[in-house]
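Welcome, and please keep your viewer open beside this text. Each stop below suggests a selection and then tells you what is there.

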Amino acid sequence: MTAESATADDMAPQFTALDGMSHTIPYRHLVGMRYSYVLLSHVIPLVGALTAIALIPWMPPTVLDIAMALALWALTIGVGISVGYHRLFSHRAFRTPTAIAVVITILGSMAAQGPLIIWVSLHRRHHQFSDAPGDPHSPWLSGPGLSGWLRGFWHAHFGWLLTHDMPDPLFYAPDLLKDKTLNRTSRLFLVWYLLGLGLPALIGGVVFQSWAAALTGFLWAGCLRVAVGLQLTWSINSICHLFGRHTHDTGDHSMNLAWLAIPSFGESWHNNHHQSPAAAAFGRRWWQVDLGYLFILTLKRLGMAQEIKPPRSSTAREDAST
Ligand SMILES: [Zn+2]
Ligand SMILES: [Zn+2]
């Protein structure tokens, strides 16, 4: 979606189109914060993940470690990021009671992708400029040729974390800033992040009454789960703007990529999502598995999700291709 085609309906209700200002804080003012975040949420879990693998001959993961890693994957990447940070808060695709929203925010924070309000601000700006100058993590703005393509991939996947200008939350997320409960929960990101690493250690240690089990719980269900989860979500920014099927004419390079659909909980139907950002469902066909949307439908059955927004009507190109 381009700046010209962004509408209030695509974003949260309070979002308005460009008014000629950049609405960003230059990254050079935030270098310390950026590097601190990357060290904390990327480097430490990556070192832990590599340690987990290196220790396999002496300290293999327990069945509980694997079960906790998979459960936390579903809860943090699926419920926290895809359902919560992305569909509920960035696009207001449905409504849910405050208590559920707080739990979902905590789960999203445990995925180590930053505080809710920062994530939402970045993501709303991504949709505003998608693959045009101003997009924080487009792979298409790093020059021509193979070297430009390679630099673009690196930027979209990871480099942007250190070099992007920070979208101003006052402009991009005023709805969340005004919500005192969510604002406070977002500010406690560091607490929830440490909980995501420490909880599996605590459970493993208590269940097996062993420091070794606490360590493998921390390394496998904490560090390795976070490290792989980050790669998955950043792949939506990089791979899903480079490879796959461009079914809808969205004016950008967003793609649908089937093989990432299950681990991403439906996020990789990314071209569908750019065609109709406010829609709760990312899958449009019966075979387009969208576990995040299934979770929202389950919440609805339980009376905990209302005003679930449908997609816009299909384009002719989509109909012709299916
Ligand atoms: Zn995108
Ligand atoms: Zn989105």
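Which residues of α3 are buried? They are I104, T105, I106, L107, G108 and S109, where buried means 20 or more other C-beta atoms within 10 Å of the residue's own, exposed means 12 or fewer, and partly exposed is in between, with C-beta atoms placed from the backbone.

A word on what you are viewing. This is a predicted model, in which local features need pLDDT of at least 70 and side-chain atom pairs count only at pLDDT 80 or more, while totals for chains, interfaces and linings use all residues. Residues are numbered from 1 along each chain as its sequence is written, and chains are lettered from A and ligands numbered from 1 in the order in which they are written.

**Stop 1: helix α3**

Select residues 98-109, which form helix α3. Helices are DSSP runs of H or I with at least four residues, strands are runs of E with at least two, and both are numbered from the N terminus. The 12 residues of α3 reach 16 Å from the first C-alpha to the last, close to the expected 16 Å; that expectation is 1.5 Å times one less than the number of residues. Now add α2 (63-90), α4 (116-129), α8 (180-187) and α9 (189-208), which are among the elements covering the buried residues of α3.

**Stop 2: α2 against α10**

Keep α2 and add helix α10, residues 211-238. Their axes come within 9 Å and cross at roughly 35 degrees; axes are lines fitted to C-alpha atoms, for helices over the stretch in contact, and angles run from 0 to 180 degrees between N-to-C directions. The crossing is right-handed, meaning that the near helix is turned clockwise from the far one by less than a right angle (anticlockwise would be left-handed).

To see the contact, show D65, M68, A69, L72, W73, T76, I77 and I81 in α2, which meet T216, G217, W220, A221, L224, R225, G229, L232 and T233 in α10. Contact means that the C-beta atoms of two residues, placed from the backbone, lie within 7 Å. By class, this contact has 10 nonpolar, 5 polar and 2 charged residues.

**Stop 3: two positive phi angles**

Go to R92 in the loop between α2 and α3. R92 is not a glycine, yet its phi is positive, about 50 degrees. R92 counts as partly exposed because it has 19 C-beta neighbours inside 10 Å.

Next, pick Q209 in the loop between α9 and α10. Q209 is another residue other than glycine with a positive phi, near 50 degrees. With 8 C-beta neighbours inside 10 Å, Q209 counts as exposed.

**Stop 4: H157 and Y27**

Select H157 in helix α5, residues 145-163. Which residues does H157 touch, not counting those up to four places away in sequence? They are W234, N237 and S238.

Then move to Y27, in the loop between β1 (24-25) and α1 (31-54). Leaving aside neighbours within four places in sequence, Y27 is in contact with R34, T163, H164, D165 and M166.

**Last stop: confidence**

Colour the chain by pLDDT, the predictor's confidence in each residue from 0 to 100. The chain averages 90, and 91% of the residues score at least 70. Over residues 1-20 pLDDT stays under 50, and the model has 38 contacts beyond four places in sequence for them. Residues 318-322 are also below 50, with 5 contacts in the model beyond near neighbours in sequence.

Key. Ala, Val, Leu, Ile, Met, Phe, Trp, Tyr, Cys and Pro count as nonpolar, Asp, Glu, Lys and Arg as charged, and the others, Gly among them, as polar.
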